[in-house]
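The following exercises ask the reader to work through a protein structure step by step. Each task is followed by a solution that may be checked against the sequence and the coordinates.

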Amino acid sequence: MKKILLIAVAMCYGTVSLIAQEAKGIELSGLILSTDQTAVAYATVVAKYLKPPKISGTISDIDGYFKLQVPLAPDSIFVKCLGFTEKKMAFGEMGDTIFMEPRTSVLGEVVVKGERPTIQMRGSTLEVNVTGTTLAKESNLTDLLRKIPGLIANENGISTVEGFAPSFYVNGRKISSMSEIKNMDVKSIKSIDLDTSPGARYGSTEKAVVNINTTSFLEGTSLVGHTFLRANKRFTHDNSLDFSIKNKALRVFGGVAYSDYRRRSFQDITTELNKGETAISTKLDGVGHSEKEVDYSLGTEYSTDDDWEVGFKYNGSWSVQDLRTVSETAAQLLNGPDRISGDNLVKDKALTHHLNGYVHKDWSDKLISDLFLDFYLKNSDRAQQVSEHSSVTGDNFSKFDNGSSFSMLSVKPVFEYQITPKISSEFGGEFLRITGKSDRRTNGLKNSEYDTTETTWAGFGSLKTKIKGVNLQIGLRYENVQGRLENKIDPAQSLNPVSSNLFGDISASTYLGNTVHSVSLKNSVERPKFSLLNNYSYYSDHYSSQLGNPELKPAVSFQVQYKFLYKFLYLALSYTNTKDYIGNYFFTRPENPNQLLATWVNYRHNDRFQGVVNLSYSFDFYHPVLTSSIIFEKLRDERLNALKSLPLIYVDFNNNFDLPWNLNLNVEYQYRSNATSQIFTFSPVHIVNIGLGKSFLDGAIDVTLKCRDLFAGEIDKYHGSIGNIRFSQIDNQDRRSVSLDFTWRFNKTKDRYKGQSQNETINRL
């Protein structure tokens, strides 16, 4: 049957007849690109044998990929395509990417040229093609992601324009950390999908999902090394090495990474309490901020055939963070002035273990199942020592210790069933259990201790169909969450939160002429991090501290989105209403009215309106991308002062230039206007970044030199008020830097691991 099908395919495309395949042969596969990095579609690939004389062939798909099964190594390989110079090579010369030289055909004075569309839209998902576009010339994944409409990339990671941290998937597999993909070869990325209204399968807490689709590569051994060097007021370096060994049905992979991050920050804080009766001014000099982290992973996957796969992966990390802050505080009190000199030393330690597994089974052409298993363990300790000298009370030394231990177990079965050729379904369930302990000690005396448990049972289902040119998706998810926050010091203050929620989503998209329109509705929930509930406490000085809030409730949101796409123009409009919005709060206590306390509370609700416009076009060697957004939010609560709400205007103008000698120059300008967020009003920020990148040895080596925040404009300045408190702050986090990014790759193998991680839950721990 396979032989008949192969012959039929070859005849349909006008290629040569294919020879019969042996059970154990050689698979020839790869990617065909033009020398300008665009995909070569429908190219003929022919494997030729001299003795006995025979040939075998296939056709590349629309993205330039091809796959050909042959019984023996051929003597030579030919690649032909209209508009390109024919290419001939020996079998040993063939790599996983074949470059072809364009041959321009001129008819009179008319040159016919086709260009593959970069952006498409299906439902609430924005699909951005990388292969065959100028995006394939980016030197690293971070620079590529910042050009996806709706995404922002900075030193803190990747976020949506709305400020949400998306979950990342690679070929449908959820990853546990960005370190898994930071070394990915951009040329191996086929497309990137951004869904800002993810459906029922992803969970009620997901705000955005990024799925990176990669190409298939040959079997063998792969090594990828990465070194990142950065200098600001301190020197930072990251180093990693990943390996993969793949042979037939078995693949073993893993890696190790070491990061040493350092910076020096400065803060000026002014606070007025009790309607100006108390004025406190503090200058913080972060003379030493150092964070060291070691990450390691090891995994395997095994597939007996195309219908059955199983995989397991372990990854762990160890980190230690030192923060030493020298402060000078001047306080003007009712009973006179006070000056405090402080030396604050904080050491955070964390150890994590994460075991992930999956079982995949194709039961038939219509039914597919996956079983995902997840176990996570985290132990963390914070030791804080504060030495203070007060002009009123003299010398004071305090020691604070925070400790916590959390574990998570998750089991998630998922089924996909094709009801009809036009209707597909997805359904499944989820069990999630979290247990933890945390405590806080002041000068050796335990003053806080909690035992935490949270059990979630969930079921979900969704349907996808196409009706008269309209792509339609409907999803529904039910969650029952039973929690217990046991106060070991004061059992009467224990809490037993229980919630049962029904979450739904619906999205539709259609073509109207050359335009694409999409509408989606979704409700979701944001559950507070466990650290905010109990032990996230920090002592700044005698006049300022930070506390957790065990009474925080989940925040439930409803969102409606509209998206529009026309060639190089992308527009998105959204409105979000959040009940029990979680935000910052400041207060004082009657027994100590001169001490400012910071925490988090649930505000009654928050309204948020947003518009995003993205323009991307290519002018020969110049490829500009302009992203602009406007965000207006209004926080409503009885505790708030009258606050004028100012919209945030964000502009990112990204300019790429293709220079001689295969150099790529990037110049980026970012602007954030003065705006109101929660109870804060921020001042404008201007940022200029410039980078120069080059690839060597057909993409095996990438080098990028970058200057970030060239004119030192990224300094946060903001002020706010709530109740009887007014404050302002200047925050310089030492973001201006020069960096060198170096990545090398030896061979490439396909990453097909399909395990999924409970990232949103892990982030809560």
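**Exercise 1. Two strands and their turn**

In this predicted model, β29 and strand β30 (residues 515-526) pair in the antiparallel sense over eight bridges. Determine which residue stands opposite A508, and describe the connection between β29 and β30.

*Solution.*
Step 1. In β30, the residue facing A508 is V519.
Step 2. The two strands β29 and β30 make a hairpin, with two residues between them.
Step 3. In the turn, G513 has a positive phi of about 65°.
Step 4. β29 (residues 498-512) also pairs with strand β28 (residues 470-487), in the antiparallel sense, over 13 bridges. R477 has F503 in β29 as its bridge partner.

**Exercise 2. Two open sheets**

Establish the strand order of the open sheet with four strands, then that of the open sheet with three strands.

*Solution.*
Step 1. The sheet of four strands has the order β3-β2-β5-β6, and its pairing is antiparallel. Its edge strands, each pairing on one side only, are β3 (54-59) and β6 (87-89). On average, neighbouring strands of this sheet are turned by 20° against each other, direction ignored.
Step 2. Within that sheet, five bridges connect strand β2 (residues 44-49) and strand β5 (residues 76-80) in the antiparallel sense. V45 stands opposite V79 in β5.
Step 3. The sheet of three strands has the order β4-β1-β7, with mixed pairing. Here the edge strands are β4 (65-70) and β7 (97-100), and each pairs on one side only. Its neighbouring strands are turned by 30° against each other on average, direction ignored.
Step 4. Strand β1 (residues 26-34) runs antiparallel to β4, and six bridges join them. The bridge partner of L28 in β4 is L68.
Step 5. As background, strands of a sheet pair through backbone hydrogen bonds, either parallel or antiparallel.

**Exercise 3. Salt bridges**

How many salt bridges does a search of the whole structure find? Examine the partners of D268, E272 and K553 as examples.

*Solution.*
Step 1. The general idea is that side chains of opposite charge can pair when their charged atoms come close.
Step 2. The search of the whole structure finds 25 salt bridges.
Step 3. One of these joins D268 and K283, whose closest N and O atoms are 3.4 Å apart. D268 belongs to strand β20 (residues 250-273) and K283 to strand β21 (residues 278-305), so the pair ties together parts 15 residues apart in sequence. D268 is partly exposed, at a relative accessible area of 31%.
Step 4. E272 and R726 meet in another salt bridge, at 2.5 Å from N to O. Because E272 lies in strand β20 and R726 in strand β44 (residues 725-732), this pair ties together parts that are 454 residues apart in sequence. E272 is partly exposed at 30% relative accessibility, and R726 is also partly exposed, at 48%.
Step 5. K553 and D580 form a salt bridge as well, at 3.8 Å from N to O. K553 is in the loop between β32 (544-546) and β33 (555-566), whereas D580 is in strand β34 (residues 569-589); the pair links distant parts of the chain, 27 residues apart. Buried means under 20% relative accessible area, so D580, at 18%, counts as buried. K553, at 43%, counts as partly exposed.
Step 6. Salt bridges with shared partners join R672, R708, E714, D716 and R735 into one network.

**Exercise 4. The nonpolar cores**

Which residues of the largest nonpolar core touch the most other members? Identify also the elements that supply at least two residues each.

*Solution.*
Step 1. In soluble globular proteins, nonpolar side chains tend to be buried together.
Step 2. The largest nonpolar core has 25 residues, and V130, L144, L145, I192 and V210 touch the most other members.
Step 3. At least two residues of this core come from each of β10 (119-122), β11 (125-129), α2 (141-145), β16 (189-195), β17 (209-214) and β34.
Step 4. Leaving aside residues up to four places away in sequence, L144 touches V130, L135, E138, V186, I189 and I192.
Step 5. A second, separate core has 20 residues, among them Y581, Y585, A598 and L635.

**Exercise 5. Cysteines**

State how many disulfides the structure holds, and classify C81 and C707 as buried or partly exposed.

*Solution.*
Step 1. The structure holds zero disulfides.
Step 2. C81 has 16% relative accessibility and counts as buried.
Step 3. C707 has a relative accessible area of 23% and is partly exposed.

Terms used. Residues numbered from 1 in each chain as written. Predicted model: local features only at pLDDT ≥ 70, side-chain atom pairs only at ≥ 80, totals over all residues. Heavy atoms only, no water. Pairing = 2+ DSSP bridges. Axes fitted to C-alpha atoms, helices over the stretch in contact; angles between N-to-C directions. Disulfide = S-S within 2.5 Å. Buried < 20%, exposed > 50% of the residue type's maximum accessible area, 1.4 Å probe, protein only. Salt bridge = Lys/Arg side-chain N within 4 Å of Asp/Glu carboxyl O. Core = buried A, V, L, I, M, F, W, Y, C linked by side-chain atoms within 4.5 Å. Contact = heavy atoms within 4.5 Å.
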